[in-house]
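Subject: Structure handover and notes

Dear colleague,

Please find below the structure I promised to pass on, together with its sequence. My notes on what was found in it follow directly after.

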Amino acid sequence: MLPMDPTKKISFTHSIGDGDLVIVYERHDNMKAVKVCQGTVLQNRFGVFKHSDWIGKPFGSKVFSNKGGFVYLLAPTPELWTLVLSHRTQILYIADISFVIMYLEIVPGCLVLESGTGSGSLTTSLARAVAPTGHVYTFDFHEQRAASAREDFEKTGLSSLVTVGVRDIQGEGFPDEFFGLADSIFLDLPQPWLAIPSAGKMLRPDGVLCSFSPCIEQVQRACDTLRSNFTDIRTFEVLLRTYEVREGKMGCSQGDDGNLSLPRKRRQRSNEGNNVQDSLGCPTVMARPCSEAKGHTGYLTFARLKCL
């Protein structure tokens with residue numbers, strides 16, 4: 001859960017208060033972030049919802065509108081925030097994010113450097129991974145984008161864990177104050193090979209670097225630069241396949257032994273004519289791949305700083 005207040009940890013039993021951020025869940029593909037304000041209402045296709053009715057309820061509550069429609073009020077976890085945040089740039093999604101945090105070996109107390117910040121999707125999950133004693137320093141060369149990200153981290157209660165800086169990491173490198181202090185570094189840059197020498201100076205011995213690139217040519221050039229000071233260089237492409245699980249009816253027949261055989265259709269000829277009778281439909285749970293699948297997002301290249 002996101003630490004909205006350092007003195008008040010969120011859980012599914014924590015009551016929603018005036019000024020809290022909640023995720024209003026209509027369905028899995030329709031959610032929005034809403035700040036709770038006394039005297040304000042939310043209007044959608046299900047009716048009018050009064051914020052005053054939400055205050056005091058625990059996260060996860062089902063609330064009703066004036067028309068009897070309902071939504072769920074969920075806590076703003078990094079997973080949900082990734083689905084509702086404003087897209088200022090292309091973002092990383094859950095499959096890539098979870099892979100990055102695992103392979104960067106990020107645990108509570110780590111100091112992580114990131115460039116660039118973008119929409120802050122990954123940064124939000126990095127902050128939870130290093131909490132409560134670690135810190136994420138993220139940099140973006142675009143001043144307005146950095147300011148917007150800073151506002152988002154204030155909104156989600158992460159400002160104590162994340163510091164946003166405006167800096168051209170490709171041209172200037174990371175600030176010298178982090179020399180030899182970073183446990184992990186993440187690069188999302190068009191020319192990561194320009195920032196890799198600086199990143200190598202910022203990492204602790206045996207620290208891990210990850211570079212995200214959409215094109216294989218970027219990966220090849222980055223790997224050439226990594227070979228001088230890094231080892232254990234590996235590149236991955238994470239492809240996620242989602243399945244739909246639902247109850248439906250299939251044709252099934254009963255064998256002589258009383259057991260259900262494989263689904264099929266049987267033709268039975270009656271004594272009175274050529275009537276065709278299909279076997280009865282049996283309710284069953286079916287799983288099948290979703291018709292729409294997300295394809296390539298980018299390549300993740302990991303490398304470990306050599307211990308001299």
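Setting aside residues up to four places away in sequence, E26 touches N44, R45, F46 and V71 in this predicted model. E26 belongs to strand β1, which covers residues 21–27, and its side chain takes part in two polar contacts that may interest you: one of 3.0 Å with the side chain of N30, and another of 3.4 Å with the side chain of R45. R45 therefore appears both among the residues that E26 touches and as a polar partner of its side chain, while E26 counts as buried because its relative accessible area is 15%, below the 20% that serves as the limit for that class.

For the chain as a whole, the model contains 7 helices and 15 strands, and buried residues account for 43% of its 308 residues. If one takes the contacts between residues at least 6 apart in sequence, 63% of them join residues at least 24 apart. The chain exposes about 17200 Å², of which carbon and sulfur atoms supply 50%.

The UniProt record, an unreviewed entry, lists S119, G120, S121, L122, D140, D168 and D188 under "binding site". I looked at two of these positions in detail, S121 and D168.

S121 is part of helix α3, which spans residues 121–130, and it counts as buried because its relative accessibility is 3%. Apart from residues up to four places away in sequence, S121 touches T82, L85, I91, L92 and I97; with L92 there is also a polar link, since the side chain of S121 reaches the backbone oxygen of L92 at 2.8 Å.

D168, by contrast, sits in a loop, namely the one between β9 (162–166) and α5 (169–172). It is classed as partly exposed because its relative accessible area is 35%, a value that falls between the 20% and 50% limits. Once neighbours within four places in sequence are left aside, D168 is in contact with F141 and G173, and a polar atom of its side chain lies 3.3 Å from the backbone nitrogen of Q170.

Two further places deserve a note. On the surface, F64, F70 and Y72 form a nonpolar patch, and together these residues have about 280 Å² of accessible area. F70, one of the members of this patch, lies in strand β6, which runs over residues 70–74, and it is partly exposed because its relative accessible area is 35%; a residue must have over 30% to be admitted to a patch, so F70 meets that requirement.

The other place is Q218, in helix α7 (residues 216–226). Is Q218 buried or exposed? With a relative accessible area of 14%, Q218 is buried, because the limit for that class is under 20%. Not counting residues up to four places away in sequence, Q218 touches L189, P190, W193 and S213.

If you work through the file in this order, E26 with its contacts to N30 and R45 may be a convenient starting point, followed by S121 and D168 from the UniProt list, and then by the patch of F64, F70 and Y72.

With best regards

How values were computed. Residues numbered from 1 in each chain as written. Predicted model: local features only at pLDDT ≥ 70, side-chain atom pairs only at ≥ 80, totals over all residues. Heavy atoms only, no water. Patch = residues over 30% accessible without salt bridge, like charges linked within 9 Å, V, L, I, M, F, W, Y side chains within 5 Å. Areas by Shrake-Rupley, 256 points an atom, 1.4 Å probe, with all protein chains shown as cover. Salt bridge = Lys/Arg side-chain N within 4 Å of Asp/Glu carboxyl O. Helix = DSSP H or I, 4+ residues; strand = E, 2+ residues; numbered from the N terminus. Buried < 20%, exposed > 50% of the residue type's maximum accessible area, 1.4 Å probe, protein only. UniProt positions renumbered as here; feature names shortened; annotations may be inferred. Contact = heavy atoms within 4.5 Å. Polar contact = N/O pair within 3.5 Å; in protein donor to acceptor, adjacent residues only side chain to side chain.
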